[in-house]
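Q: Please go through the structure shown here and explain what stands behind each label, setting the values against the cut-offs.

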Amino acid sequence: ISGGIHRGVASNLKDIGITEDNLLISATHTHSGPSAFFPYLSFNLPSSIYNPSIHLFLVNQITKAVLEAYKNLKPAKLAIVFGYLDKTTRNRSLAAHLANYGIDIKVGEECDPSMAPGGYISTIDPVVLVIRVDQINEDNVLVPIGVFSNFAIHGTLLKNDNLYYSGDNQAAAERFVEEGILKIALEEGLSFKERNRIVCVW
């Protein structure tokens, strides 16, 4: 997220007491997302130069999301859980990791996670963090409205010949969770309006 986008959104939200000092904008990393919103050439390469229209579009979309959330403020409950997930990600700098143990891999040489003293699991961060937010509706029923998850994986499932915008594997996980929550919500009789408010961030 560029400083310009952060400043632009904060400026749009000053009437509700949000400033640069209390606004945090987090983004899912993907190699298939828009660029050209940084005012610095190096951050926009190799795709394009700075495009103020893309910058303004992102500022406006983020502003709309925050205002919608602000207008829908209600009492809520938050739950945090940690889990472990292996065989799903890999260390993209494996040779550098092995060098920490005195294992010198020359350029072009093959290396494998099993070469690490602690094996594959020691070459990654297997911890999954999930934060779930449920609003308490008028009937005192918990209604899921958001999920935030963090897992050390790089969004490079789609290769560099992909020419479409995509959230990559993070977006697939997001849709899977959203669909699961919506299915349960429907089974429990929650209204479509309530079910449609779920926001997942990966």
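A: Buried means under 20% relative accessible area, exposed means over 50%, and partly exposed covers what lies in between. The model is a predicted one, and the labels below are to be read with that in mind.

Q: Why is Lys74 called partly exposed?
A: Lys74 has a relative accessible area of 30%, and because partly exposed is the class between under 20% and over 50%, Lys74 is placed there.

Q: What makes Glu138 and Lys74 a salt bridge?
A: The criterion asks for a side-chain nitrogen of Lys or Arg within 4 Å of a carboxyl oxygen of Asp or Glu, and the side chains of Glu138 and Lys74 meet at 3.4 Å, N to O, so the pair satisfies that cut-off. Glu138 lies in the loop between β2 and β3 while Lys74 lies in the loop between α3 and β1, so the pair ties together parts that are 64 residues apart in sequence. Glu138, with 65% relative accessibility, counts as exposed.

Q: How many salt bridges does a search of the whole structure find?
A: The search finds four salt bridges. Among them is the one between Arg132 and Asp134, whose closest N and O atoms are 2.8 Å apart, and another is formed by the side chains of Lys183 and Glu187, at 2.8 Å, N to O.

Q: How do you know whether Arg132 and Asp134 are buried or exposed?
A: Arg132 has 36% relative accessibility and therefore counts as partly exposed, whereas Asp134, with a relative accessible area of 8%, is buried, because the cut-off for that label is under 20%.

Q: What separates Lys183 and Glu187 along helix α5?
A: Lys183 and Glu187 are separated by about one helical turn, because they are four residues apart in helix α5. Both Lys183 and Glu187 are exposed.

Q: Why is strand β1 said to lie largely in the open?
A: Of the nine residues of β1, the number buried is zero, so the strand lies largely in the open. Phe82, which has its place in strand β1 (residues 76-84), counts as exposed because its relative accessibility is 57% and the cut-off is over 50%. A nonpolar surface patch of about 350 Å² is made by Leu78, Ile80 and Phe82.

Q: What makes β1 and β2 a pair of strands?
A: Two strands pair if at least two bridges are found between them, and β1 and strand β2 (residues 127-136) are joined over nine bridges in the antiparallel sense. Within this pairing, Val81 stands opposite Val130 in β2, and Tyr84 has Val127 in β2 as its bridge partner.

Q: How do you know that β2 and β3 pair, and what lies between them?
A: Strand β3 (residues 142-150) pairs with β2 in the antiparallel sense over eight bridges, set against a requirement of at least two; Leu129 has Asn150 in β3 as its bridge partner. β2 and β3 form a hairpin, with five residues between them.

Q: What makes the phi of Asn140 worth a remark?
A: Most residues other than glycine have a negative phi. The phi of Asn140 is near 65°, a positive value in a residue other than glycine. Asn140 has its place in the loop between β2 and β3, and at 63% relative accessibility it counts as exposed.

Q: Which label, buried or exposed, applies to Asp168, and what is its phi?
A: Asp168 has a relative accessible area of 5% and is therefore buried, the cut-off being under 20%. Asp168 is found in helix α5 (residues 168-187), and it has a positive phi of about 60° although it is not a glycine.

Q: What makes the largest nonpolar core a core, and which residues belong to it?
A: The term stands for a set of buried nonpolar residues joined through side-chain atoms within 4.5 Å. The largest such core has eleven residues, including Ile5, Val9, Phe37 and Leu58. α1 and α3 each supply at least two residues of this core, and the largest share, three residues, comes from α1. Leu58 touches Ile5 and Phe37, not counting residues up to four places away in sequence.

Q: Which residues of helix α1 are buried, and what covers them?
A: The buried residues of helix α1 (residues 3-12) are Gly4, Ile5, His6, Gly8, Val9 and Ala10, and their cover includes α3 (52-71).

Conventions. Residues numbered from 1 in each chain as written. Predicted model: local features only at pLDDT ≥ 70, side-chain atom pairs only at ≥ 80, totals over all residues. Heavy atoms only, no water. Buried < 20%, exposed > 50% of the residue type's maximum accessible area, 1.4 Å probe, protein only. Contact = heavy atoms within 4.5 Å. Patch = residues over 30% accessible without salt bridge, like charges linked within 9 Å, V, L, I, M, F, W, Y side chains within 5 Å. Areas by Shrake-Rupley, 256 points an atom, 1.4 Å probe, with all protein chains shown as cover.
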